[in-house]
Amino acid sequence: MSIWAPKRYVSRVERIDLDDLWASGKRAIMLDRDNTLVPRDRKTAPASVLAWLDAARERGFKLYMVSNNWHKDQVQRSSSELGLDFICFACKPLPFALNRALARMGVAHEAAVLIGDQLYTDVWAGNFAGVDTILVKPQTHVDLWYTQIFRIFERRALRNVPCEE
């Protein structure tokens with residue numbers, strides 16, 4: 001597996017089988033906020049995401065939101081809604097925020113996975129930090145202007161990567 005590519009590519013968070021993650025030794029899930037948990041054009045997460053997070057908690061996973069969003073009020077509102085500890089302004093793809101989240105959860109790198117919607121921030125940060133990564137399709141096409149530019153290159157990089165629907 002390349003350090004530049006996700007371990008898996010899945011259509012959306014809710015399609016990730018928690019039993020499979022647990023069976024593979026994962027005990028912690030770090031999640032991006034914008035367009036992974038919460039659509040960029042909404043303030044709240046869909047009910048299906050809330051249900052998936054509840055199922056993850058029931059299964060025994062430790063959860064942590066790691067977001068590049070620098071608007072602490074937005075990230076904090078989502079963390080309250082979703083029942084997650086959080087780090088905002090994470091500066092992904094640098095791995096430092098992920099390492100901090102892992103330390104706070106008391107989880108080894110090999111027991112964690114990062115789930116996010118961007119190849120060049122989320123996936124690279126997870127890979128640089130030494131955790132498995134799962135790329136999900138963004139929940140909406142609404143993005144920041146510079147993310148829209150990255151998406152062009154992302155589509156080219158992912159054109160031959162099969163997505164688990």
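Let's start on the outside: Asp-73 is exposed, with a relative accessible area of 52%. The cut-off for that label is over 50%, so Asp-73 qualifies as an exposed residue. Please keep in mind as you look around that this is a predicted model. Asp-73 belongs to helix α3, and it makes a handy entry point to that helix. If you would like a landmark elsewhere in the chain, take Cys-88: its C-alpha atom is separated from that of Asp-73 by 9.6 Å, with the two residues 15 apart along the chain.

Now turn to the helix as a whole. Helix α3 covers residues 72-82, and its buried residues are Val-75, Ser-78, Ser-79 and Leu-82. Viewed down the axis of α3, these buried residues fall within an arc of 100 degrees, so they line one face of the helix. What do they pack against? Their partners are α2 (47-59), β3 (62-66) and β4 (85-87). The face turned away from this buried side carries the exposed residues Asp-73 and Ser-80, which brings us back to the residue we began with. Just after the helix comes Gly-83, which has a positive phi, near 70 degrees.

Following the chain past β4, we come to a loop with some backbone geometry to look at. As background, most residues other than glycine have a negative phi, and most peptide bonds are trans. Which residues of this loop are worth checking against that background? Phe-89 sits in the loop between β4 and α4 and has a positive phi of about 45 degrees, although it is not a glycine. Cys-91 is found in the loop between β4 and α4 too, and its phi is also positive, near 60 degrees, again in a residue other than glycine. The side of Cys-91 that meets the surroundings is described by its accessibility: at 36%, Cys-91 counts as partly exposed. Then there is Pro-93, placed in the loop that leads from β4 to α4 (96-105). The peptide bond from Lys-92 to Pro-93 is cis, with omega near 25 degrees.

From here, let's move to strand β6, which spans residues 132-136 and includes Thr-133. Is Thr-133 buried or exposed? With a relative accessibility of 1%, it counts as buried. Its side chain makes a polar contact of 3.1 Å with the side chain of Asn-127. Setting aside neighbours within four places in sequence, Thr-133 touches a number of other residues, among them Ala-5, Pro-6, Lys-7 and Arg-8, as well as Val-113, Leu-114, Asp-122 and Val-123.

One of those contacts, Lys-7, leads us to the charged pairs. How many salt bridges does a search of the whole structure find? The count is 10. In one of them, the side chains of Lys-7 and Asp-132 meet at 3.2 Å, N to O. Lys-7 lies in the segment before β1 and Asp-132 in strand β6, so this pair ties together parts that are 125 residues apart in sequence. Lys-7 counts as partly exposed, at 48% relative accessibility, and Asp-132 is partly exposed as well, with a relative accessible area of 24%.

Another salt bridge joins the side chains of Glu-14 and Arg-12, at 3.9 Å, N to O. Glu-14 counts as partly exposed at 22% relative accessibility, and Arg-12 counts as partly exposed at 42%. A further pair is Arg-33 with Asp-34, where the closest N and O atoms are 2.2 Å apart. Here both partners are buried. Salt bridges that share partners also join Lys-7, Lys-26 and Asp-132 into one network.

To finish, let's return to the surface. Which residues make a nonpolar surface patch of about 300 Å²? They are Ile-3, Trp-4 and Phe-128. Ile-3 lies in the segment before β1 (8-10), and at 39% relative accessibility it counts as partly exposed.

Terms used:
Residues numbered from 1 in each chain as written. Predicted model: local features only at pLDDT ≥ 70, side-chain atom pairs only at ≥ 80, totals over all residues. Heavy atoms only, no water. Buried < 20%, exposed > 50% of the residue type's maximum accessible area, 1.4 Å probe, protein only. Helix = DSSP H or I, 4+ residues; strand = E, 2+ residues; numbered from the N terminus. Arc of directions from axis to C-beta. Contact = heavy atoms within 4.5 Å. Patch = residues over 30% accessible without salt bridge, like charges linked within 9 Å, V, L, I, M, F, W, Y side chains within 5 Å. Areas by Shrake-Rupley, 256 points an atom, 1.4 Å probe, with all protein chains shown as cover. Salt bridge = Lys/Arg side-chain N within 4 Å of Asp/Glu carboxyl O. Polar contact = N/O pair within 3.5 Å; in protein donor to acceptor, adjacent residues only side chain to side chain.
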